[in-house]
Structure formats: C-alpha cells, structure tokens
Amino acid sequence: MTNDSDFETLAIHAGIHRSQFNEHAEPIYLTSSFVFDSAAQAAARFSGEEPGNIYSRFTNPTVTAMQERLAALEGAEACIATASGMSAILACVMGLLSSGDHMVASRSLFGSTVNLFTNILNRFGIETTFIPGADPDAWRAAVRPATRMLFMETPSNPLTEISDIAAVADIAHEAGAWLAVDNCFCTPALQQPLKLGADLVIHSATKYLDGQGRVLGGAVLGNRRLLMDGGIFGFLRTAGPALSAFNAWVILKGLETLAIRMQAHSAHALEVARWLETHPAVARVYYPGLVSHPQHELAIRQQDTGGGMVSFEVQGGKEKAWRVIDATRLLSITANLGDTKSTLTHPATTTHGRISQEERDAAGIRDGLLRLAVGLESPLDIKLDLGRGLAL
Ligand SMILES: *Cc1c(COP(=O)(O)O)cnc(C)c1O
C-alpha cells in the first residue's frame, strides 16, 4: 500500500503497524497506560520530546490505527477519535472557540447538535445563528465580525437538503472562519469535504463507519496544525471524551467494508425511493439520488451517490404514517441509522417531537413524514414490508 492507493485499499491496509508477533488482523490494545524504560523516558514522553504512548485517554495504538485509517480515507492530515459523535462536535467547538465567538449553522442539524449549540454553548458565551443551509446567501448574510465557525450537515436529516460545501467554504474563508462539515450521512466513501474546501470533518462513527449498530464513536479530521496545535487534541487530552480501544477496533474493522457497504446502501435506497415515488399512497419522496430532488445536480456533483437515507411523506398524516410503521415485520422501529438493518422513524413524534408545531412546519417536518435508513437487506423485501402498511 502507498499513500496514493485507492480508497478500497486504504480502507483495508492504512494504519497497520504489526507488533513483534506479526499478527495479520489488527490487535486490540486494551490497556489504560503504557510502561516506560526509565524515569528519563517517562519525562521525555510526557514533555512530547519523544513520541509514543502514555495513557489511553489520549494515546492508544488501536485508536491510533483507526485514526490513521479514517484520515487516509478522508484525505486528512490528522484525525482525533472521540467517544461519540456528539463528543467530536463538542471537542471541535471547545478546542477552537472561546466565549464571545459566534457560529453560523444550518438549521437542519442532528437534534442533539442543535441542543448543544443552543442550550449548552450559549451558557458559555458562544452564540449560534441558524439559517437554511441550502441557501448560500443565508450563510453569507449571517456572518458577523465575531464569526469563527460555520457548521453544516449535508445531506440534512430528515429532508436530505444539500448544502454547497465549496460555496460555503469560500464564504467561511472570506470571513476568516472555519467550515466544519458533519459527514455522517455520506461518509468519505461518497463525499470528501476537505477536498471541497472544508477545514474540519466530523463523524459519528456510531453510524455507517461501524455500520453494524454495535458501538459508539466519533472523530474530528482536518490539518495537523488545527487539530494538534489548535486546541482540539488538548481538549481531548484534558477533558477526556476518549474512544475506547475496543470500540476503535470495531470501527477499524467496519471501515474495511465501508466502500462496498455505501454502494449497496445507495443502490438499495435508490430502488426503494423510485418505487415509493410511483406509489399512490405516497405524496412526496426526498432522496438526493432522484432526478426529482430539487438539488439533484448539486448532489451528484458533490457526492458520488444519493446515500442510504430516504424520507417520504404519506397521504393521510400521522395516522397513516404510524400505520405504515406498525405494519412492518422486517424494518426496525428505531431512530438509529447507518446499520445493515433498515430502520424506520416518524420524525414529528420522535427525533423532532420536542420542538413546537410551528418550528416543525418551518422545518418542513410534516405529520405524514417517515424517515427510512435503508439497510442491506434485499430491496424487494424492504418494499414488501413498506407496501403492507401503505396499502392499508
Ligand atoms: C448520530 C449523529 C450524531 C451524534 O453521534 P453519536 O455518536 O450518537 O453521539 C451527530 N451527527 C449526526 C448527523 C448523527 O446522525
């Protein structure tokens, strides 16, 4: 393997440093600390004079392997792994921003991210303005002298709106701010935001990177200066939202099949989305891979395929939407996504249930909306399972 090997090769070989036992599969280093040869070596490690492992809150070989592999896949100089996707977002903000700084964020973000920005960071003097992410002019208009970071998710959850990464990166840089992209839905297999001008990429590794619904994990990626000297690594080392070596190993093995899984998730999602579009009980389908998606052209310019997330609105509001959910026998009724198993959610009463009806209306989350994370089962079986409730 070389650094310019193809994605599929890097996904399997990057980050491997064999131990003295020459194992073939990556080892799991379940240890909280590392032993030094002497007091002098301990001092050199702690001061940073000598590279090497010290304590697993901030240095662990299995976590390092996962960081190197994910960095290779995103085309990033550096990666810092964290305990969850939320702690990756927290580390990014706490590492780089201070009281008095301002952020601009797309308003269709993951619910906990909105909560973090509004109810927690606000208390520490970091203010966020939320704007419609698909509109580049709205990003530009919201920038202030104190703006330090622009934050987006694309495609958005659950309506799959696309934000233009390259255009918003230019707006950020003109303002002297960083653009951070939560790349959870596409993964680097489909979209590499750093190559489009973003400064930071954030992952919930809990989703497609693991891909099998087993562990929590997260990561921040970007250039070495920003991550290591800029404060994000310092925050992790001091505050401690560290990824466990075991979880890092699970994610490391998940990455090996990422490209092939994302292609299959996308192909299955496209087939299901096309079928839903022709179904008489369905009012509207939201999927970036469909020609009918209002930003289809931008989507295919920015990401390789439409991805695995499909939302659709049924005729008949909440009652009908719940009937579709309750008639399923195969799909899992759960809010998780990025799993081999397909999952189905009613956003208006779950993920978006705590915001007011007016806020939901403004965000376009209607009562008949269903969010489907298309898994790796046969698309035929997924269609049969949805069709039962749709026909009622
Ligand atoms: C799940 C999710 C997160 C949070 O990740 P956790 O690993 O659950 O903490 C952040 N962003 C997006 C887009 C997500 O789907």
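Two strands count as paired if DSSP finds at least two bridges between them. In this predicted model, that rule applies to strand E11 (residues 343-345) and strand E12 (residues 369-373), which are joined by three bridges and run antiparallel. Within the pair, Thr-343 sits opposite Ala-373 of E12. Both strands belong to an open, five-stranded sheet with mixed pairing, and reading across it gives the order E8-E9-E12-E11-E10. Strand E8 (282-286) and strand E10 (332-333) form the edges, each pairing on one side only. Helix H14 (residues 317-326) packs on this sheet, where it touches strand E9 (309-314) as well as E10, E11 and E12. The direction of H14 makes about 130 degrees with that of E9.

Stepping back to the whole protein, there are two domains: domain 1 covers 7-255 and domain 2 covers 259-390. Their C-alpha centres are 27 Å apart. Across the boundary, 32 residues of domain 1 are in contact with 36 residues of domain 2.

Next comes the question of what fills the inside. The largest nonpolar core has 38 residues, and those with the most contacts inside it are Met-66, Leu-70, Leu-209, Leu-221, Ile-251 and Leu-258. Quite a few elements chip in with at least two residues each: helices H1 (7-13), H3 (61-74), H8 (187-190), H11 (245-256) and H12 (258-278), along with strands E1 (78-82) and E7 (218-222). H3 gives the largest share, at six residues. Because domain 1 (7-255) and domain 2 (259-390) both give residues to this core, it lies between them. Ile-251 offers a closer view of the packing: leaving out neighbours within four places in sequence, this residue is in contact with Met-66, Ala-205, Leu-209, Asp-210, Val-215, Gly-217 and Leu-243. Another core, of 31 residues, lies apart from the largest one. Among its members are Ala-105, Leu-116, Trp-178 and Ile-202.

Helix H4 (residues 85-96) lends itself to a quick sanity check. At 1.5 Å a residue, its twelve residues should span 16 Å, and the end C-alpha atoms are 17 Å apart, which agrees. As for its surroundings, nine of the twelve residues of H4 are buried, so the helix is largely enclosed by the rest of the structure. Buried here means under 20% relative accessible area. The buried residues are Gly-85, Ser-87, Ala-88, Ile-89, Ala-91, Cys-92, Val-93, Gly-95 and Leu-96.

Conventions. Residues are numbered from 1 along each chain as its sequence is written. This is a predicted model: local features need pLDDT of at least 70, side-chain atom pairs count only at pLDDT 80 or more; totals for chains, interfaces and linings use all residues. Side-chain values use heavy atoms; hydrogens and water are left out. A nonpolar core is a set of buried Ala, Val, Leu, Ile, Met, Phe, Trp, Tyr and Cys residues joined through side-chain atoms within 4.5 Å. Buried means under 20% relative accessible area, exposed over 50%, partly exposed in between (1.4 Å probe, protein chains only). Helices (H or I, at least four residues) and strands (E, at least two) are DSSP runs, numbered from the N terminus. Domain bounds come from an automatic or database domain assignment. Contact means heavy atoms within 4.5 Å. The expected span of a helix is 1.5 Å times one less than its number of residues. Axes are lines fitted to C-alpha atoms, for helices over the stretch in contact, and angles run from 0 to 180 degrees between N-to-C directions.
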